[in-house]
Amino acid sequence: MISVQPKAHAARTEALSHLIRDADGTCLMYIDGQWCTASDGGTRAMIDPSTGLEIARVAEGTVQDTERAIAGARRAFDEGPWPQTPALERAKLLGKLADLIDANAVELSRLETLSCGKPLRETEYDMADAANCFRYYAGLATKPHGETFEVPAPSQTFVVREPIGVCGQIIPWNYPLLMAAWKLAPALAAGNVCVLKPSELTPLTALWLARLFEEAGFAPGVVSIVTGGGPTVGATLAESPLVDKIAFTGSVPTGQSVMRAAASNIKKISLELGGKSPNIVFADADFETAVDYALYGIYANAGQVCSAGARLVLDRGIYEKFLDRLVERTKKIVVGDGFDPETEMGPLVAERQRDRVESYIRAGVEEGATIATGGARPAGPLGERGFFIEPTIFTNTNPSMRIVREEIFGPVLVVQPFSDEAEALKIANDSPYGLAGAVFTSDAARAHRVIRKLRAGITWINTYHPTYNEAPWGGYKQSGIGRELGTHGFDEYTEVKQINVNLAVEPVGWFKE
Ligand code: NAD
């Protein structure tokens with residue numbers, strides 16, 4: 001691992017100037033068209049994960065603030081005009097928003113890098129992806145969504161899709177703006193109104209997004225952004241009887257709690273949860289491609305990716321050679337400040353996440369696995385002040401180890417050897433999760449055989465990680481319920497209404513006169 005120390009360049013925090021603040025400098029949240037402090041004046045410190053320094057304070061929303069946002073959304077939905085706005089008009093506004101994201105992308109990506117630490121080359125990509133997500137759903141808003149059915153005469157039956165209503169949306173910190181786009185774009189395109197709760201660790205770009213919504217001309221109440229904690233803002237959204245749908249992305253335990261709360265009024269629910277995804281490499285794979293993607297699969301965004309290739313399921317036929325090359329490449333990864341163009345991997349998002357990853361590394365060692373490389377904080381200020389962990393590889397694992405079974409959500413790869421295809425699949429599917437997975441092989445028939453037997457919602461052949469706004473995203477098993485993105489993601493924000501028309505208007509004659 002090669003390290004790059006953070007530089008104290010002033011440009012680091014310049015992008016904060018785009019946020020709306022009060023006289024004390026607190027970043028305000030956006031509720032029902034108003035910029036506001038928390039009802040009790042509470043704030044939360046934002047920490048730069050590369051330096052451990054405070055960069056801003058953000059209003060810490062309360063239950064009361066959340067209820068106000070929900071009431072505003074309720075009014076915006078029930079009294080309109082958003083749900084009745086013609087699809088073409090909704091599309092135009094969403095397209096305008098996409099253009100505004102593009103116009104501010106450079107500064108937005110700097111703000112994202114400041115708040116979550118990931119290198120600029122990643123956040124620049126995320127900003128473009130977020131804009132394109134709004135653009136994709138702007139296009140989809142005006143496309144046909146209904147169906148007609150051939151039923152016995154004299155009826156004609158058809159189906160229309162209608163918005164669900166007020167959507168509570170709760171997102172994590174690993175792709176702050178992109179996760180907001182994945183939630184807001186399909187919901188708004190379908191005519192819903194939204195109250196979005198960003199992660200309490202990374203709300204800054206969502207607050208800027210609220211400004212862009214305002215600038216694009218979205219009416220008050222159509223989108224509110226309430227910043228604050230999960231047990232307050234998040235739980236209020238999940239519990240409120242005035243919320244019709246809850247869409248959650250985060251960990252399994254929080255997802256379970258959201259699901260329980262949503263039962264109160266039988267909310268529509270979609271959950272995008274964790275993963276422990278297998279990346280299966282057969283001996284006949286293109287060697288350098290497979291090594292390269294194994295690195296990309298686990299170390300992109302410092303492993304803080306729900307679909308990360310966290311388990312390398314490796315053919316014994318190439319085990320030593322592959323591992324040697326993987327370790328050699330891992331040691332060359334440049335870890336450091338996301339603002340430095342040299343940096344390839346940034347810090348973990350927060351101290352608590354660094355502590356969590358370190359506790360897994362200790363557990364792996366205690367359970368008898370071997371650290372092939374990494375396993376510690378980098379030396380110097382990077383490790384002392386920032387929340388960095390070296391890219392790490394564990395070998396000599398067994399399937400019962402916590403590092404193999406549980407989601408670590410950090411730059412930690414576990415290697416699991418196999419002898420034949422059947423064993424590779426058994427290892428790959430031996431997980432309570434089923435989010436993603438990949439296979440690397442030059443045998444096309446085997447690639448398809450293996451992928452079809454993988455119990456996962458997002459899969460790749462001879463690649464890892466590509467994600468498209470056009471294609472559905474979501475997991476099997478405990479990785480979630482429902483799908484985001486693509487037409488499936490749009491459908492999750494609609495109610496289906498069956499309409500039956502009698503084409504021969506005359507009495508049915510079921511009862512005698
Ligand atoms: P988390 O579950 O701790 O928090 C997610 C969100 O839920 C945050 O906004 C948090 O404030 C909120 N929250 C916390 N307690 C709550 C409660 N009681 N009620 C309502 N909301 C509550 O997850 P995290 O640490 O922010 O994110 C990491 C997790 O997210 C990982 O498990 C990762 O796999 C998952 N994730 C999944 C996907 C996917 O598409 N499947 C994408 C990104 C992240």
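**Internal cavities and a seven-stranded open sheet**

A search of the whole structure, which is a predicted model, identifies 3 cavities with a volume of 30 Å³ or more. For the largest cavity, the computed volume is about 80 Å³. The lining of this largest cavity is formed by 14 residues, of which G275, A308, A310, E407 and F409 lie closest to its centre. By residue class, the lining of the largest cavity comprises 8 nonpolar, 4 polar and 2 charged residues.

Turning to the secondary structure, 7 strands form an open sheet in the order 16-17-18-14-13-20-21, and the pairing within this sheet is mixed. The edges are occupied by strand 16 (370-373) and strand 21 (458-461), each of which has a single partner strand, so that one side of each remains without a neighbour in the sheet. On average, and with direction ignored, neighbouring strands of this sheet are turned by 25° against each other.

Within the sheet, strand 17 (residues 392-395) pairs with strand 18 (residues 412-418) in the parallel sense, over 3 bridges; one of the residues concerned is T392, whose bridge partner in strand 18 is V412. Two helices are in contact with these strands. Helix 10 (residues 319-331) lies across strand 13 (278-281), strand 14 (311-315), strand 16, strand 17 and strand 18, and runs at about 160° to strand 17. Helix 14 (residues 421-429) also packs on the sheet, where it touches strand 13, strand 14 and strand 18, and the direction of helix 14 makes about 145° with that of strand 18.

Terms used. Residues are numbered from 1 along each chain as its sequence is written. This is a predicted model: local features need pLDDT of at least 70, side-chain atom pairs count only at pLDDT 80 or more; totals for chains, interfaces and linings use all residues. Side-chain values use heavy atoms; hydrogens and water are left out. On a 1 Å grid over the protein atoms alone, a cavity is a set of points where a 1.4 Å probe fits but cannot get out, and a pocket is an open set with protein on both sides within 12 Å along at least five of seven lines; lining residues have an atom within 4 Å of a point. Grid points are joined across faces, edges and corners, and a volume is the space filled by probe spheres set on the points. Ala, Val, Leu, Ile, Met, Phe, Trp, Tyr, Cys and Pro count as nonpolar, Asp, Glu, Lys and Arg as charged, and the others, Gly among them, as polar. Two strands pair if DSSP finds at least two bridges between them. Helices (H or I, at least four residues) and strands (E, at least two) are DSSP runs, numbered from the N terminus. Axes are lines fitted to C-alpha atoms, for helices over the stretch in contact, and angles run from 0 to 180 degrees between N-to-C directions. Contact means heavy atoms within 4.5 Å.
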